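User: I am new to this structure and would appreciate a close look at a single part of it. Please describe one helix and its surroundings in a connected account.

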Amino acid sequence: MSTNPEATAPAPVETGTANFTAAKIIYALYFVGFFFPITALGGVIYAFIAKGDSPELDTHMSFAIRTFMWGLLITFIGAILAFFLIGWFVLLGWAIWTIARCVSGLKLAMDGKPITEVGSMGFVAR
């Protein structure tokens with residue numbers, strides 16, 4: 001039996017670390033959603049389910065939920081206006097906005113960082 005107290009003590013648990021796998025999966029589902037829209041719906045459902053796991057992860061879940069909800073509204077408006085020429089520009093703007101939000105959120109999730117600030121256009125501010 002060892003008398004060294006460090007040998008029997010459990011390893012300290014790091015605080016402030018979160019598993020960002022759920023956020024990465026959700027952003028990936030949003031990207032695939034451009035080709036198969038049902039996956040984006042699956043992504044937002046997963047975001048609602050994963051919300052509450054950790055404060056760091058919650059920032060990504062809220063960001064992903066807002067991305068989906070605002071995107072749904074913008075897509076609806078763009079689809080109505082598509083009967084006129086301006087609707088296609090609205091849909092193009094939505095696609096660019098969604099991709100930019102997902103890329104910035106995914107980059108932070110890959111780095112293991114929470115979303116700390118969102119700028120005026122809804123993008124992640126660094």
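Analyst: The following account concerns helix H5 and the residues around it.

The model is predicted. Helix H5 comprises 26 residues, from 86 to 111. At 1.5 Å a residue, a helix of this length should span 38 Å, and the C-alpha atoms at the ends of H5 are indeed 38 Å apart, so the two values agree. Just after H5, Gly-112 adopts a positive phi of about 75 degrees.

The buried residues of H5 are Gly-87, Leu-91, Ala-95, Trp-97, Thr-98, Arg-101, Cys-102, Ser-104, Gly-105, Leu-108 and Ala-109. An α-helix has 3.6 residues a turn, so residues three or four places apart point the same way. The buried residues of H5 pack against two helices, H2 (21-32) and H4 (55-81).

Among these buried residues, Arg-101 lies over the face of Phe-63, at 3.9 Å from the ring centre.

Trp-94 also belongs to H5, but this residue is partly exposed, with a relative accessible area of 22%. The structure holds two aromatic pairs. One of them joins Phe-34 and Trp-94 in a tilted arrangement, with 5.3 Å from centre to centre and 45 degrees between the planes. Phe-34 is located in the loop between H2 and helix H3 (38-50), whereas Trp-94 is in H5; the pair therefore ties together parts that are 60 residues apart in sequence. Phe-34 is likewise partly exposed, with a relative accessible area of 30%.

Methods
Residues numbered from 1 in each chain as written. Predicted model: local features only at pLDDT ≥ 70, side-chain atom pairs only at ≥ 80, totals over all residues. Heavy atoms only, no water. Helix = DSSP H or I, 4+ residues; strand = E, 2+ residues; numbered from the N terminus. Expected span 1.5 Å × (residues − 1). Buried < 20%, exposed > 50% of the residue type's maximum accessible area, 1.4 Å probe, protein only. Contact = heavy atoms within 4.5 Å. Phe/Tyr/Trp six-rings, centres within 6.5 Å; stacked < 30°, edge-to-face > 60°. Lys NZ or Arg CZ within 6 Å of the ring centre and 35° of its normal.
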